[in-house]
Amino acid sequence: MAAIDTQNDESNIDNISLIESWQQVGKHVAQACAQAKRQTDEVTLLAVSKTKPAEMIATLVRQGQRDFGENYLQEALEKIQVLRGHPECEHIVWHYIGSIQRNKTRDIAEHFDWVQTLEREIIAKRLNEQRPAELQRLNVLIQVNIDNEDSKSGCLPAELPELITAIKHYERLQLRGLMIIPSKANTDAFARTKQLFEDIKIEHPELQKWDTLSMGMSDDMSAAIANGSTMVRVGTAIFGSRV
């Protein structure tokens, strides 16, 4: 297992900057919640750590950050392996937020706590079959292409009923809600997704843990929180730009 070394001066300076950025985002979330007349604990901050080293994750874990999002499977597996066994990192909650190919489902099912990019039943079926029995059910969000963009992944709103009906019967999956990446040109995507979320809650009362709306990133988290987001995915504002 690789060691995590943050003792040299340069690393310490970088750590201070990282912690300050993380704290600033936390304040931003708290302010947005206050403006929306919501409690701060209603919104989970997901630190999107893709392309960033395990040392930075460990630094934030020491500050109390728990949820981390990864887009690239092989990179994520390497970080999980590095951090596994460090007592301070035992309670990290890993979210997979990248695209899912069929040949990736086993590793995702075995190593992650959440999957936010589910859009097809065949992937749900494979995740369900490959989720180890000794682990808790895999939390899943359906990614919705809310603005019907050719460049975006996700199922269309009209496809949701059939997909939900299929997923809710998989015993190793726990369907929790929706995730979106809205068009930058469309200002009401958050409100429309919130309404969609509430409509599903009414139509499917059997979904007892239907409680998560993952929407909002570094540039639009305030608007997302104002429209009911329960999880914001923040990378750049915490970790800085990616090379």
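## The second largest pocket

By residue class, the lining of the second largest pocket is made up of eight charged, seven nonpolar and six polar residues. This is a predicted model, and the pocket in question has a volume of about 420 Å³. Its lining counts 21 residues, and the closest to the centre are Ile92, Phe112, Asp113, Arg131 and Leu135. Three elements give two or more residues to this lining: helix H3 (73-83), helix H4 (105-111) and strand E6 (173-180).

## The largest pocket

Now to the largest pocket, with a volume of about 730 Å³. If you would like to find its centre on screen, look for Ile181, Pro182, Lys184, Met217 and Arg233, the closest to that point of the 31 residues in the lining.

Helix H7 (189-203) and strand E8 (231-234) each provide at least two residues of this lining. By class, the residues of the lining are 13 polar, ten nonpolar and eight charged.

## The nonpolar core

The largest nonpolar core has 66 residues. Which of them touch the most other members? They are Phe68, Leu127, Ile142, Leu160, Ile167, Leu178 and Ile238.

Ile142 is a good one to follow in detail. Leaving aside residues up to four places away in sequence, Ile142 touches Leu118, Leu160, Leu163, Ile164, Ile167, Leu175, Leu178 and Met179, along with Gln116, Cys155 and Gly177. Among these contacts of Ile142 are Leu160, Ile167 and Leu178, which also appear in the list of core residues that touch the most other members.

## Two loop residues with positive phi

Most residues other than glycine have a negative phi. Lys37, which is not a glycine, nevertheless has a positive phi of about 60 degrees. You will find Lys37 in the loop between helix H1 (9-35) and strand E1 (44-48). Is Lys37 buried or exposed? Its relative accessible area is 76%, so Lys37 counts as exposed.

Asn148 is another residue to check: its phi is positive, about 50 degrees, although Asn148 is not a glycine. The loop that holds Asn148 runs between strand E5 (138-144) and helix H6 (160-167). Asn148 is exposed because its relative accessibility is 52%, and the cut-off for that class is over 50%.

## Salt bridges

Side chains of opposite charge can pair when their charged atoms come close. How many salt bridges does the structure hold? There are twelve salt bridges in the structure. In one of them, Glu149 meets Lys152 with an N to O distance of 2.7 Å; Lys152 is partly exposed, at 23% relative accessible area. Another joins Asp188 and Arg192, with 3.1 Å between the closest N and O atoms. Both partners are partly exposed, Asp188 at 34% relative accessibility and Arg192 with a relative accessible area of 29%.

Helix H7, which also supplies residues to the lining of the largest pocket, holds both Lys201 and Glu198, three residues apart, or about one turn of the helix. Their side chains meet in a salt bridge at 3.9 Å, N to O. Lys201 is partly exposed, with 38% relative accessible area, and Glu198 is partly exposed too, at 23%. Finally, Glu70, Glu75 and Lys79 are connected in a network of salt bridges.

Conventions
Residues numbered from 1 in each chain as written. Predicted model: local features only at pLDDT ≥ 70, side-chain atom pairs only at ≥ 80, totals over all residues. Heavy atoms only, no water. 1 Å grid on protein atoms, 1.4 Å probe; cavity = no way out; pocket = protein on both sides within 12 Å on 5 of 7 lines; lining within 4 Å. Points joined across faces, edges and corners; volume = space filled by probe spheres on them. Helix = DSSP H or I, 4+ residues; strand = E, 2+ residues; numbered from the N terminus. Nonpolar A, V, L, I, M, F, W, Y, C, P; charged D, E, K, R; others polar. Core = buried A, V, L, I, M, F, W, Y, C linked by side-chain atoms within 4.5 Å. Buried < 20%, exposed > 50% of the residue type's maximum accessible area, 1.4 Å probe, protein only. Contact = heavy atoms within 4.5 Å. Salt bridge = Lys/Arg side-chain N within 4 Å of Asp/Glu carboxyl O.
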